[in-house]
Amino acid sequence: PLYSVESPSSVQSESLRFIQSNLNFMENQIQNSTSYLVTSATPKDGKSSISVNLSSTFASQNKKTVVIDFDLRKPSFHKLFKRGFDKGVTDILAGKTDVEKVIQYDGESNLSIIPSGSNHDSPSKLVSDDGMKKFIEKLKSYYEIIIFDTSPISLTSETQEISKYVDGIILIVNAQKPIKLIKEIESSLTSKKLPIKGFIVNKYRTGKSVYKYYNINYKTLKV
């Protein structure tokens, strides 16, 4: 649900505004466009909902924002936005259409949306081609904030491939999952010198040690 729009005074919405403010502070203010990859350790960690609501929060601050459904194997925007989608990311990367022809606008959230697109036999091959770099460059010429909602980083190669092209990675952490798994993923990303901007702790319960681990230098969202 778009709680950032429907419930702007909620704890979740306030937390997202805090995260958005911190991200603005961390980035080079001279930079015209900033791209983020939002991923998670495992499925059902709340990644897509947070991606869309964080995007909406940026848009509410008069930032020209686009959110992209880059979970090419299990897209979710049709559920979150309650509408049908046709062409999208896979069609752009396959050279079957142009970016301008697949962008949709959501008036409620003030967001531009790019859906995942048609089913493709090999999403990883699409992402590894030169078209990915050109795709992001085109988006940067249109938007101030670009947010990719990707598949869980432990499940597909596409997420790690696209991470090479973005300005920052935000990892959604399910507070109910083992902290060992989160540490392993953090170590893997760090070893590859990928730009981790922080962790958002989701499904938080008071007293869980995972919150204590991420309470320094990272943004936390309690949902």
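Me: Where do I start? How many of the 223 residues of the protein chain count as buried?
Reply: Start with the share that is hidden: 50% of the 223 residues in the protein chain count as buried. Keep in mind that this is a predicted model.

Me: And how many helices and strands does the protein chain have?
Reply: You'll find 11 helices and seven strands in the protein chain. To see how the chain is tied together, look at contacts between residues at least 6 apart in sequence: 74% of them join residues at least 24 apart.

Me: Let's take one helix. How do I check the length of α2?
Reply: Set its span beside the span expected at 1.5 Å a residue. Helix α2 covers residues 11-26, which is 16 residues, and reaches 23 Å from its first C-alpha to its last, close to the expected 22 Å.

Me: Which residues of α2 are buried?
Reply: Buried means under 20% relative accessible area. In α2 that picks out Ser13, Ser15, Leu16, Ile19, Gln20 and Leu23. Look down the axis of α2 and these buried residues fall within an arc of 155°, so they line one face of the helix. On the other side of α2, Val11 and Phe25 are exposed.

Me: What do the buried residues of α2 pack against?
Reply: Quite a list! They pack against the helices α1 (3-6) and α3 (47-60), and also against β1 (34-40), β6 (168-174) and β7 (196-202).

Me: Can we try the same reading on α10? What span should it have at 1.5 Å a residue?
Reply: Helix α10 (residues 179-191) has 13 residues, which should span 18 Å, and its end C-alpha atoms are 18 Å apart, so the two agree. Its buried residues include Ile182, Ile185, Glu186 and Leu189. These cover an arc of only 100° around the axis, which puts them on the same side of α10. Lys180 and Ser191 are exposed on the other side of α10.

Me: What about phi angles? Which residue that is not a glycine has a positive phi of about 65°?
Reply: That's Asn110, in the loop between β3 (104-106) and β4 (111-114). Its relative accessible area is 38%, so Asn110 is partly exposed. Lys82 is not a glycine either, and has a positive phi of about 55°. You'll spot Lys82 in the loop between α4 and α5 (89-93); at 76% relative accessibility, Lys82 counts as exposed. Lys193, which follows α10, also has a positive phi, near 55°.

Me: Now a single residue. Is Val127 buried or exposed?
Reply: Check its relative accessibility: it is 0%, so Val127 counts as buried. Val127 sits in helix α7 (residues 123-128). Leaving out residues up to four places away in sequence, Val127 touches Phe70, Leu72, Leu93, Met132, Glu158, Glu161 and Ile162. Here's another way to read the fold: Val127 and Thr90 are 37 residues apart in sequence and 8.9 Å apart in space, C-alpha to C-alpha.

Me: Last one: how much space lies in the largest pocket?
Reply: About 450 Å³. With a pocket, ask next who lines it: 20 residues do here, and the closest to the centre are Lys44, Ser48, Asp71, Lys74 and Ser76. Helices α3 and α4 (77-80) each supply at least two residues of the lining, and α3 has the largest share, three residues. By type, the lining divides into five nonpolar, eight polar and seven charged residues.

Technical notes: Residues are numbered from 1 along each chain as its sequence is written. This is a predicted model: local features need pLDDT of at least 70, side-chain atom pairs count only at pLDDT 80 or more; totals for chains, interfaces and linings use all residues. Side-chain values use heavy atoms; hydrogens and water are left out. Helices (H or I, at least four residues) and strands (E, at least two) are DSSP runs, numbered from the N terminus. The expected span of a helix is 1.5 Å times one less than its number of residues. Buried means under 20% relative accessible area, exposed over 50%, partly exposed in between (1.4 Å probe, protein chains only). The arc is that of the directions from the helix axis to the C-beta atoms. Contact means heavy atoms within 4.5 Å. On a 1 Å grid over the protein atoms alone, a cavity is a set of points where a 1.4 Å probe fits but cannot get out, and a pocket is an open set with protein on both sides within 12 Å along at least five of seven lines; lining residues have an atom within 4 Å of a point. Grid points are joined across faces, edges and corners, and a volume is the space filled by probe spheres set on the points. Ala, Val, Leu, Ile, Met, Phe, Trp, Tyr, Cys and Pro count as nonpolar, Asp, Glu, Lys and Arg as charged, and the others, Gly among them, as polar.
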